[in-house]
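Please find below a short note on the model, set out as numbered points.

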Amino acid sequence: AYNDGTHGEGVKIIGCPGVELRALDLADNRTVGLAVEGSQTNVDVANVRVSGTRASDNGGGRGVDVGSDAKAKLAWLHLLQNRRAGLALDGHAVVTLHDGLIADTMAEQNDDDGGYGVEMWGGATLDLSDVRLHANRDVGLRAGGVGTSVKGNVCVVDGTLARTSDGTSG
């Protein structure tokens, strides 16, 4: 259950200017599968699968979360069956995602909120190419807030399902 006092992020990178991650499988973690934070942080991630991330006692369940001015280059990324959001960006994060699949994201266990393929706000910037957002909940890609921007090239958003809480949207 989400409210069992557990908290266990798969990989967390804070304040590191040159990190490369290759061929990872981050499965069944809590709160966040891969967290990238901090203005000095710049990561290059390729051939990574993040799946089954669940909420902890403070919510969450995001597959990949990039925030606080961090920069991330993501390629050949599969985000599957995570909670709240497959990919979450905030706090002026700058992310490029090339050749990715974000699918089957589910709502949070504690409040049935979310299930978004991508959720971004707070001035975050996202550049997508060759990305599929498939069978997520409520909204495939959700962006909001002043300065938040997204560009897409050869992207597919399909099979979005209704909101878990009330069966609307999708």
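**Note on the predicted model**

1. Ile13 stands opposite Val36 in strand 3. Strand 1 and strand 3 (residues 32-37) are paired in the parallel sense over four bridges. Strands here are DSSP runs of E of at least two residues, numbered from the N terminus, and two of them pair if DSSP finds at least two bridges between them.

2. On the basis of the note: this is a predicted model, in which local features need pLDDT of at least 70 and side-chain atom pairs count only at pLDDT 80 or more, while totals for chains, interfaces and linings use all residues. Residues are numbered from 1 along each chain as its sequence is written, and side-chain values use heavy atoms, with hydrogens and water left out.

3. Strands 1 and 3 belong to an open sheet of six strands in the order 1-3-5-7-9-11, with parallel pairing. Its edge strands, each pairing on one side only, are strand 1 (11-14) and strand 11 (141-143). From one strand to the next the twist averages 10 degrees, taken between lines fitted to C-alpha atoms, with angles running from 0 to 180 degrees between N-to-C directions.

4. Within this sheet, strand 9 (residues 116-120) is mostly covered, five of its five residues being buried; buried means under 20% relative accessible area, exposed over 50%, and partly exposed in between (1.4 Å probe, protein chains only). Strand 7 (residues 85-89) runs parallel to strand 9 and is joined to it by four bridges, with Leu89 bridged to Met120. Strand 9 also pairs with strand 11 in the parallel sense, over three bridges, and Val118 has Leu141 as its bridge partner there.

5. A second open sheet is formed by six strands in the order 2-4-6-8-10-12, again with parallel pairing. Strand 2 (19-27) and strand 12 (149-158) are its edge strands, each pairing on one side only. Nine bridges join strand 4 (residues 42-51) to strand 6 (residues 71-80); Val48 is partnered by Leu77 in strand 6.

6. The largest nonpolar core (buried Ala, Val, Leu, Ile, Met, Phe, Trp, Tyr and Cys residues joined through side-chain atoms within 4.5 Å) has 30 residues, and Leu87 is among those with the most contacts inside it. Leaving aside neighbours within four places in sequence, Leu87 is in contact (heavy atoms within 4.5 Å) with residues including Val64, Leu74, Leu97, Val118 and Leu126.

7. How many disulfides are there? The count is zero, a disulfide being a pair of cysteine sulfur atoms within 2.5 Å. Cys16 is partly exposed at 29% relative accessible area, as is Cys155 at 35%.
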